[in-house]
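Biologist: I am new to this structure and would like to learn how its features are read. Could you take me through them one by one?

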Amino acid sequence: MSAPEKLRKLYAALADRELNYADNADRSLYAELWPPGEGPLDRLEQLIELGPTTGLKLVAGYRGTGKTSAFSALQSRLLERGRLVLHVDLRRFPILGAPIEPEDFLLLLLGAADDAARRWLPPKTAIESAFSRLRGLLPNAVEVGAGASLYGLSVALRRDPGLTERSAAAIRPRMAELGEHVKEAWAAVEREVRAALGTTGTVLIFDSLEHIRGGAMGEQAEVIRRSVIEFFSDFRAWLEWPETQVLFSVPAYLLFMPDDGVSGAVVSFPSAHVRTRAGEPDPEALRRMRSLVERRGDWRQVVDSEAELDELILASGGHPRQLLQLLTEALLLKAASPATGSVASRAVARVAGGLVTFQDERALLAKIAEAKDLGALDSDAVDRVMGFLDSQLVFCYLNGRHWYDVNPLLADQLPRR
Amino acid sequence: MNALEAEARRRLFTQLSLHEARFLLVFVTLGTRSAANRLLAGVAAFAAARGAALRVDVPRVEGVIPLANEILEASPPWFWWLAQVDPRAEANGRLLAALNQRRDRLRDASLRVLCVEAAPAFLAAVRHLAPDLFAVRGAAVFLPEDSRLAATPVPGDADALARAPGEDGLALGALGALRARAEREGGDLRRILALGDLEQTEGDPAARARFAAAMAAQPELLDGLRSQPPLVSVEPRHGRIASDGPAPLPPIHDPAAVELLRALHAGADHDALLALVARLLG
């Protein structure tokens, strides 16, 4: 293979994308960033294997930390042990940028889960009785043909605010009934799937609710945030579906808002702590991040030494997406000027240049960098901190307990201490 | 073309040649119209050599959704260039937010390159407006900024880029930051113009002195304002300032604010502006 071809191959391998663990090529790229038994994937697996067959588990998601790829790995591992894992990516549904309305959100979840389950069933499998009771809750204005799927209905509800309003008004006085009907309907679907596949249990993953804010800002973002907190505080029992372990990937603020009565956020997907809380490089985490890079290809095409590679890894803050971005940048610099020497520092400077912050953000970021904790912040800073976590300005870490630090690429922008 | 611009171009075209498929979002931060045009010409040639169409658009706020749909429904491969003539970058921001909502339709195995002219501060706003697109962005290409040209007024006509590319300066970071701050703070000019913790110490002479020092340290803030079409327009009969765009900022009634904005757009010198700012805050 010629040098340009090798470079092209490495460039493609460094693409930031969700890995499909069932695909052998993708599986070879998957790297565990934590010691055995300590990472979020292992923890989820243990909870599912050892826990009761029914229950809700919240997974705090951060963008770019490999959560969806880990869900894919979990799906394959559990399937090998006879468990069916149904994955529902909520980004496919019209939920972004709007607050949760419990009634139609629950219908949407059921519709989406039903849709995911039916991919495993023969076409036109009739599971009508439970659904017909659900349809009976809807107002007359909502026309549902005999062949209409609940999935289609729930998406239609989401897309038509008037329809949503009418159906919510009709359902609201009968919410307890709705919750029971949803459970009955799901139980019927789950039974069918288990019987058809001969699986021993079902795990249902609702992925990516942490994206619900969409592009909403300010007051609207706050309304959305409150609606998520309320839903998981007040209606979480509705998500405890029969014979099914339900995993919900949720915004991280559910993790650190105990006053709102939200509990059960048992697993989070943090960045790898390539530095200790005291700021010293962590050799074990560095080794694992190197392994992630090695799985993607020959990094010596890009940087000349392990020390340079470590410079990129430390600058990534242990955030896999940012590491891939830094490596890509280094590769592009190297490819554009092959004769140039070390590219690591220049790549770090270039990627850092794309992280622009406002002056008032820097004051808050400096506080986080100092405290390495969010407990010291005012409560009205939560929205902005969530924005920081959303957009890679602040990373979450976990050794024993959660702690937080500012993206190392922002170091030059923060006031000197 | 100087060495920095040449390096940035090399970097972008290296990436384009390696990026055979998939969606690539490129932010291009440009200091001069001429640098923009040189890069645009290069991208056009690159697209043509691959049999792909290049389309240049100057998004307008009212046309964001139709344009987003056009982008999503266009047959790949395509190259799309979103110019930023609107100094507030509002249209580009809304367009990216609309694409963010539908980003799954952008990610496929076909080559799609979306180049967005972006002031540095716009990148900060994109983090909030389009958090998922921000995560999948392919590159941020920074071309050198020419302060001499940046101070040149930009034509107010939004079609200027497509019609007659010239040597005019492009929107700079200061305005993107101001706009984002204006939206966040509800359009209160005191807050828009305040830096750091100044608003907490209004009326304090020491605070005003700090403000003057801060403005002196960031001359591009006022220079950027002076060099652009009005961020806000004055309605003299009512002594009122309102946005000239379709999504207006809340009106500002403070006579001192009106005077400051008039002075800004009349090209008052730095010292005079600082005096007006001090009066506004005092």
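Biologist: Before anything else, how many helices and strands does the secondary structure of chain A come to?

Modeller: This is a predicted model, in which local features need pLDDT of at least 70 and side-chain atom pairs count only at pLDDT 80 or more, while totals for chains, interfaces and linings use all residues. Residues are numbered from 1 along each chain as its sequence is written, chains are lettered from A and ligands numbered from 1 in the order in which they are written, and side-chain values use heavy atoms, with hydrogens and water left out. Helices (H or I, at least four residues) and strands (E, at least two) are DSSP runs, numbered from the N terminus. Chain A has 16 helices and 7 strands, and chain B has 14 helices and 7 strands.

Biologist: What percentage of the residues of chain A count as buried?

Modeller: Buried means under 20% relative accessible area, exposed means over 50%, and partly exposed lies in between (1.4 Å probe, protein chains only). In chain A, 58% of the 417 residues count as buried, and in chain B buried residues make up 56% of the 282. Accessible areas themselves come from the Shrake-Rupley method with a 1.4 Å probe, and for residues only the protein chains shown count as cover. The accessible surface comes to about 16700 Å² for chain A, with 51% belonging to carbon and sulfur atoms, and to about 10900 Å² for chain B, with 54% belonging to such atoms.

Biologist: Which residues touch the most other members of the largest nonpolar core?

Modeller: A nonpolar core is a set of buried Ala, Val, Leu, Ile, Met, Phe, Trp, Tyr and Cys residues joined through side-chain atoms within 4.5 Å. The largest one here has 108 residues, and those touching the most other members are Leu90(A), Phe206(A), Leu209(A), Phe232(A), Trp241(A), Phe248(A) and Leu312(A). Helix α5 (residues 102-118) of chain A gives the most to this core, with 10 residues. A second, separate core of 31 residues includes Phe27(B), Ala91(B), Leu99(B) and Ala130(B).

Biologist: With which residues is Leu312(A) in contact, leaving aside its neighbours within four places in sequence?

Modeller: Contact means heavy atoms within 4.5 Å. On that basis the partners of Leu312(A), beyond four places in sequence, include Val303(A), Leu323(A), Leu326(A), Ala344(A) and Val348(A).

Biologist: How should I read a charged residue such as Lys334(A): is Lys334(A) buried or exposed?

Modeller: Lys334(A) counts as buried because its relative accessibility is 14%. Lys334(A) sits in helix α13 (residues 320-336) of chain A and, not counting residues up to four places away, touches Gln301(A), Val302(A), Asp304(A), Thr340(A), Gly341(A) and Val343(A). Between Lys334(A) and Val302(A) there are 6.2 Å from C-alpha to C-alpha, although the two are 32 residues apart in sequence.

Biologist: How many salt bridges does a search of the whole structure find?

Modeller: A salt bridge is a side-chain nitrogen of Lys or Arg within 4 Å of a carboxyl oxygen of Asp or Glu. Over all chains, the search finds 26 salt bridges. In one of them, Glu45(A) pairs with Arg77(A), the closest N and O atoms being 2.6 Å apart. That pair links distant parts of the chain, with Glu45(A) in helix α3 and Arg77(A) in helix α4, 32 residues apart, and both residues are buried.

Biologist: Which other side chain meets that of Glu45(A) in a salt bridge?

Modeller: Arg81(A) does, at 2.4 Å from N to O. Glu45(A) lies in helix α3 and Arg81(A) in the loop between α4 and β2 of chain A, so the pair ties together parts that are 36 residues apart in sequence. Arg81(A) counts as partly exposed, because its relative accessibility is 44%, whereas Glu45(A) is buried at 8%. Both belong to a network of salt bridges that links Asp42(A), Glu45(A), Glu49(A), Arg77(A), Arg81(A) and Arg83(A).

Biologist: What do the buried residues of α3(A) pack against?

Modeller: The buried residues of helix α3 (residues 40-50) are Pro40(A), Leu41(A), Asp42(A), Leu44(A), Glu45(A) and Ile48(A). They pack against β1 (55-60), α4 (67-80), β2 (83-89), β3 (201-207), β4 (244-250) and β5 (267-268) of chain A.
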